[in-house]
Each structure stands twice: as C-alpha cells, then as structure tokens.
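Here are my notes on this one, point by point. Have the coordinates open while you read.

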Amino acid sequence: MTALILHHYPTSPFAEKARLMLGFKGLAWQSVNIPPMMPKPDLMPLTGGYRKTPVLQIGADVYCDTALIARQLDKVQPQPALLPPAQEAVVAIFAAWVDSVVFQHAVSFVFQPESAALRFSRFTPEQRDAFLADRARLFSGGSASRLPIEVARHQWPSIIGRVERQLHAGGEFLFGEATYADFALAHCLWFLKATPVTSGLVDSYPSVAGWLQRVLAIGHGTPTELSGSEALAIAKAAQPAALPEIDFVDPSGFKAGDAVTVSAVDYGVDPVAGELVYCDQEEIVVRREEELAGTVHVHFPRLGFAIKAQ
Ligand SMILES: N[C@@H](CCC(=O)N[C@@H](CS)C(=O)NCC(=O)O)C(=O)O
C-alpha cells in the first residue's frame, strides 16, 4: 500500500478528526506539518489552490475535505468501518450537520473575546492581526458566516443536551460501535476543551465528557514526520491511481475531459482548475499538472463543492 500522508497542523480541529480516523483504523501514516495560514507553498502545488486543513495525500492522489478523507480511508482499509453500509445515511448526515452547525457554534465560543485572548496569548500583536486577516480572507466569498456568540450561547443547551441524553440512555458511542459520526462531533468538542473559558461547555455534561474521553483515547495511529518537500517529491515520482470505469451521468452535464474549476461552497472557496477526469455520486476528481508535484489527481466530495466550466 502507498503511504498515507496527512498535511495538517496540531491545533486544527478538522485535522484532529482526521488523526483520530487514522487512529481508529490503526494505521501508520506520514505527518507533514503545514502552516496554519496562507501562504502554504508546499501544499498549493498538490491541491492546486484548495487551502483548508487537513489534506490527505496518497502518492499522486490528493484528497480534500475530511468527509471525503473518511470515505477514502474506508477504501484503503475497510475495517473497522467509518461509514458502516447499514448506517451510511445516518452517520454521514449527522457528521455533515456537526461539521457545519456544531463547528460554527464552537468557532463562535472559541473566538469570543475572553477565549481568544487566551488562545492568542503566545502571539505577538502582528501575528494575531495576520491570523485574523487570514481568517477574514478564508470566509470571504463563501456562504458561511460567523455565528454571533449570543446565538451560540442560546442554542448550545439544545445541541449538547440532545447528545447528553442519548449517551446517558446507553451506548459507548453515538451509533453503537464508533463511526465517522463520533470523530466529527469529537473534533468540535476537542476544540472547546482547549481553554478553560470554553471547556465547561463540554465538561458540565458528564455523559458527553465520558464519551469524548473514550473517543480521544482511540489515539492517532502511528505518525512519522515528513517534510513538505519530501511529500512533493513523492507525488512527482508517483502516478495517480487508476480510476474506476463507471456509468455515472453527472446531473449538470459535466463529462470527463471538461476543463473545470472545483471550489468549496461554504468558505475557503478558492477554485481549483483542472481537467475533470472522474465523478460519481460522492466524488469529483480533477487532473492537474504542476512543475513541483507532476501529474496529480485532486479529489473533492460532491456535497459542499461546486463544479464550473473554465
Ligand atoms: N470541510 C472541511 C473543513 C476544514 C476546515 O475548516 N479546516 C480549518 C482548520 S480546522 C481550516 O482550513 N482553516 C484554515 C487553514 O487551515 O488554512 C473539512 O472537513 O476538511
């Protein structure tokens, strides 16, 4: 099996979701530490402009967005399943809701002034301003907007209370065995646990706190360090994996060979330009040529991403 390479940084919640999914599968992987804000010079040649964290690389194939990374990990190693076939819809729908709605609440709590002051305490004023300017650019042009803290506070008891009651009623994990849904919720709550200002939003709910401990105890598998330039060299030396032959007809009429751009809809909407080489119900793949990375296939989920003709 070609090595799994995760491009990420330690404080990223979505990266924590990916690390836990790798741990759940008991996988060995290579860890490339990327900058938490732009520029990301070793990552852009791989993704063609997609800037969010994390990104999974397997040779000359690059997987954007944790929703697709989960599906790819199930292909790489089917057991234990992140998306068990008999629970696929409920697990994927719950996780998609968590990744947008619950994550938005967590961001609002984490960046409220008292919590932001703690998080930025090790930043110089220049670093803090650069970070805030980067995040303003990340959110420009997309459909997502910052949830006001008053709304987050008002709604949190319903969100977390439902989970508390479900876990209290029984079950070590959300849907029986651990699934992708557990890792989606865990990364948002892990984010809240990072400072004492926000940790009570989790710890005042004992069944949730106990469940989070169980999920985080799954760990990260076995990472080894790799540099960004080594990851680029691995892509350049590899060929993208063969794509399946299927009969899928894209509902918008896009076909293999079309020159397209693909971009996230919510935030981080930077378009990735390339030749559409494959799409199915879940996935869109574009081929790109880059001097530093060679020929790369960049994979996106269909849900939450738009295809446009170039
Ligand atoms: N839908 C994406 C969301 C990823 C995301 O929002 N990641 C954050 C970090 S947790 C990010 O990209 N922040 C800006 C950056 O890292 O440059 C996924 O599931 O991977």
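1. A definition before we start: a polar contact with the ligand here is a pair of N or O atoms within 3.5 Å. D65 fits that, with a polar side-chain atom 2.8 Å from a nitrogen atom of the ligand. Do keep in mind throughout that this is a predicted model.

2. Staying with D65, have a look at its backbone. Its phi is positive, about 85°, although the residue is not a glycine. As for where D65 sits, it is in the loop between β4 (61-64) and α3. So this is one residue to check twice: the phi value is one point, and the ligand nitrogen at 2.8 Å is the other.

3. Now the rest of the ligand site. Which residues are closest to the ligand? They are K40, R51, T53, T66 and Y267, out of 14 that surround it. The side chain of K40 puts an N or O atom 2.6 Å from an oxygen atom of the ligand. For Y267, too, a side-chain N or O atom is 2.6 Å from a ligand oxygen.

4. Two cis peptide bonds deserve a look. One joins M38 and P39, with omega about 5°, and P39 belongs to the loop between β2 (28-33) and α2 (44-47). The other runs from T53 to P54, with omega near 5°; P54 is found in the loop between α2 and β3 (55-58). Note that T53 is also on the list of residues closest to the ligand.

5. On to the overall layout. The protein splits into domain 1, made of 4-80 + 222-309, and domain 2, which covers 87-216. Their C-alpha centres are 24 Å apart.

6. How many residues of each domain are in contact with the other? The count is 26 from domain 1 and 26 from domain 2. The area buried between the two domains comes to about 2100 Å², and carbon and sulfur atoms give 67% of that.

7. The polar side of the interface is worth going through as well. Three salt bridges are counted between domain 1 and domain 2, and the rule finds 12 residue pairs in polar contact across the interface, both partners at pLDDT 80 or more. On the domain 1 side, α1 (13-24) and α3 (66-76) each supply at least two of the residues that touch domain 2. Helix α1 gives the most, with eight residues. By class, that side of domain 1 has 15 nonpolar, four polar and seven charged residues.

8. A salt bridge to inspect by eye is the one between the side chains of D134 and R51, at 2.8 Å from N to O. R51 should be familiar by now, as it is also among the residues closest to the ligand.

9. Last, the salt bridges of the whole structure, of which a search finds 16. One of interest pairs E283 with K75, whose closest N and O atoms are 3.3 Å apart. Why pick this pair? E283 is in strand β8 (residues 283-290) and K75 in helix α3, so the bridge ties together parts 208 residues apart in sequence.

Technical notes:
Residues are numbered from 1 along each chain as its sequence is written. This is a predicted model: local features need pLDDT of at least 70, side-chain atom pairs count only at pLDDT 80 or more; totals for chains, interfaces and linings use all residues. Side-chain values use heavy atoms; hydrogens and water are left out. Domain bounds come from an automatic or database domain assignment. Contact means heavy atoms within 4.5 Å. Buried area is the accessible area (1.4 Å probe) that two parts lose on being put together, summed over both. A salt bridge is a side-chain nitrogen of Lys or Arg within 4 Å of a carboxyl oxygen of Asp or Glu. A polar contact is a pair of N or O atoms within 3.5 Å; within protein, one must be able to donate a hydrogen and the other to accept it, and residues adjacent in sequence count only if both atoms are side-chain atoms. Helices (H or I, at least four residues) and strands (E, at least two) are DSSP runs, numbered from the N terminus. Ala, Val, Leu, Ile, Met, Phe, Trp, Tyr, Cys and Pro count as nonpolar, Asp, Glu, Lys and Arg as charged, and the others, Gly among them, as polar. A residue is near a molecule or strand if one of its heavy atoms lies within 4 Å of it.
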